[in-house]
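Student: Please take a close look at the salt bridges in this model. I would like the partners, the distances and the surroundings of each pair.

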Amino acid sequence: MYRAMKQGSGLRRALRSSIAAATFALIAGTASAQVLEVAVEASPAGLDPHIVTAFASSQLVLGPIYEGLTALDKDLNIIPGLAQSWTASADGRTVTFKLRPGVTFHDGKPMEAEDAASSLRRVLSKDVGSPLASRLGALESATAVDATTLELKLKEPSAPLLASLTGIAIVPRGLEGNKDALQRAPMGTGPFKFEEWQPNGFIRLARHAGYWNAAEVKLAGVKFNFVPEAATRQVGIGNGQFALLPHIDAATALQLKGKPNVAIRETMELAYTLIGMNVSKPPFDNAKVREALNYALNRKEIIDAALFGSGTPAAPLPPVLKDWAVDVKDLPCYTHDPAKAQALLKDAGVATPISVSMTVLPRQDIRDIAQVVQQQLGKVGFKVELKNPELGQFVQDWRNSNFDLFASTNAGSIEPDDYFYRAFRTGGSTNVFRYSNPGLDALLDKGRATLDKPARQAAYRDVQKILGCTGPAAHIAYPTLFSAVRGNLQGYDIYANRSLVSLGRASLR
Amino acid sequence: MLRHLFQRCLDLAIVLFGISVIVFMMIRLIPGDAVAIMLGANTEVTPERVAAMRSELGLDRPLLEQYLSWLGRALHGDFGTSIWTGRPVLQEVTAQIWPTLQLTVLALVIGAGLAVPLGCLMAHWRGGRADLVLRIGAIAGLTIPSFWLGIVMLITVASLAPSFASLGYVPFSEDPLGNLQRLLLPAIALALPILANLSRLVRTAMLDALSQDYIRTARAKGLSETAVLYRHALRNALIPFVTSVGIMTGYLLGGAIVVEQVFSIPGLGRLILGAIAERNYPLVQATILIVTVGFVLVNALVDLAYALIDPRLRTA
């Protein structure tokens, strides 16, 4: 149509051709595949699935562009991905994967076991410096036995391996020392291939004709438009310019509710909000003070006041992880009890009021939560001063444990080990709390190396009981995650981990 | 005239040098570490990895050394590569400068173009009811922030004419009508404060000029009222107007940052904002320098325009 306008002799001609095009679209609408217009908040930093980890990037790459050996279904169960099946040896140290035949990369080359082995080695490569490396900490070697058989040798049995592999994209071989090649030109096996990136404008993907499950892919492509302003995204979905706002907060969802042609989908998010405590210095070095803080919090009130009632009080693991999560009812300190909090503070021998500062992540919902928490803690004798640094400063203070308390959010994980081990084990890579508890360390080590599920479940139940009331993080809420969807978009499912993998099955009417 | 031009170029060089030092220092002195932000909050950050990245980016060298090496390369036209995308900074900037330039020019044309007739009318109706209403309107236009106006316009238009494409940007070469349609609302949002400011200025300047002796003389020698107004009054009133337009252009670039954000236009403003948030040092330095050059150049042009308007300044 643009072509027609350029060559056309004027407005009338352009108008006529656009009417013709519209009529054609009306007739052909149901039969022809269309491009899905999506509005997302931020532009990704890059598209290398082994390097970028922020939501802005990962929601785009894993699922639509790339696939892993294993995958997740809507309820976060592990299902076959590029691997059709797998078997573990008796000692648990050799795992053999049978790969799906007939899978091709976006450039048409077949995906073989050597590509998968090379991808895993790339994640561990020093040159690439992938932040995912720790998830493959147990991997000793990855070898292609034949084109469709991949053999992994492990240093020790690893219970979280299959879960970890859901997050590791398979890329073409030969990139093990190359950390730049995929950032701007991704090359995966997923239902959509990369087509164009206009910085600060959009990223456009087109259907991968050689996809192994091509019959399921109905969209001709997906265009991710970067629209930083929430009000602008609302207008866009209201007038049909966008057909999907994948992940929006409660405030936006409430405003969009009841708009014609816009439906709201929701799920409980895997990510959670938390108040972190620095246990390397008083007053939070004292377990009683940490317990008092938990009793002082009224999580229901926080959710009502700061999250528009859209959320669930958070235990250390989210209820979506049915097999693992302890119910908040089993954690006594989750019952709001200011008197008990004061008694605990008295027991701990700290003089009230206790002056502490709380460093707040610069995001509106977190700021709102921090203000409610400030009031609730004030009632039992904490005098909380709120600090509102910008993001760079926040990350630095967080990283350097330069805080008494912080209010923030964390992406969460489908695998308890993946979250607990790095956050709470002595010396863990994101243990900014400086928390160290030998009893907890032993449980975490056991949970990681035990393959027997009931035994693991028991270990993590104990972990949650320890962390729940006297741990260095008071988990606040699992917010409800919303998607706004135009009426003509079919087959889109909202995932608790923000995955957009269902776009491979979606269609526009 | 030639000496004047030479003087201007010298000024430009000094200003640019000063700005480059200030920007270079400022972005490094504000808290927050590029490497920490790049590695992210949810990733495994080992001291070795941080050190490796730091030395790769040259951030481990003394500040003075970093500045001199940057300056040396910048003088040869090499502004470095963007830390995040790895593409040359200059390429990133040229890719995103067009929407902003177009927006600025459009807003300037609307704002300054309407300000002259409106200001003249206000001067003509001075003290009357229409003048009062317009003056109140001008105060409102000055005080309402562009981004708020932008959001309100966006929501209003969306509810009145749902099919009016108002978001994003398409290049003029691809779709001229769509391009102008999408830039219309943001340009108006940007133009209103300018219109308000400049029309008040034209009004005052006109009133001032009309009370001068030479106007009485012009009338006394029997010139038509039109000739009096346009050849004598307006011409003299335009000097402060042109000065203001020059300064406004600078503010427009600042306002564009906010308006681009609201209308999701991929322009220079969003590039700068993103670069600062990411501590993308080379990109911040280059974009701010380019905006500065633009601002200084516009003001140099304004100086030249004086000479066109006022013959007395041509010899000075």
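Tutor: In this predicted model, the side chains of B:Glu225 and B:Arg219 meet in a salt bridge, with 2.8 Å from N to O. B:Glu225 is partly exposed, at a relative accessible area of 40%, and B:Arg219 also counts as partly exposed, at 40% relative accessibility. In chain A, salt bridges with shared partners join A:Glu112, A:Asp115 and A:Arg173 into one network.

Another pair in chain A is A:Glu195 and A:Arg204, whose closest N and O atoms are 2.9 Å apart. A:Glu195 has a relative accessibility of 45% and so counts as partly exposed. For A:Arg204 the relative accessible area is 25%, which is again partly exposed, because that class begins where buried ends, at 20%.

A:Asp48 and A:Arg122 form a salt bridge as well, and here the closest N and O atoms lie 2.6 Å from each other. A:Asp48 sits in the loop between strand S1 (35–40) and helix H3 (55–61) of chain A, while A:Arg122 belongs to helix H4 (residues 113–124) of chain A, so the salt bridge ties together parts that are 74 residues apart in sequence. Both A:Asp48 and A:Arg122 are buried, which means that each has under 20% relative accessible area.

As for the overall count, a search of the whole structure gives 25 salt bridges over all chains. Among them are the pairs A:Asp48 with A:Arg122, A:Glu195 with A:Arg204, and B:Glu225 with B:Arg219.

Methods
Residues are numbered from 1 along each chain as its sequence is written. Chains are lettered from A and ligands numbered from 1 in the order in which they are written. This is a predicted model: local features need pLDDT of at least 70, side-chain atom pairs count only at pLDDT 80 or more; totals for chains, interfaces and linings use all residues. Side-chain values use heavy atoms; hydrogens and water are left out. A salt bridge is a side-chain nitrogen of Lys or Arg within 4 Å of a carboxyl oxygen of Asp or Glu. Helices (H or I, at least four residues) and strands (E, at least two) are DSSP runs, numbered from the N terminus. Buried means under 20% relative accessible area, exposed over 50%, partly exposed in between (1.4 Å probe, protein chains only).
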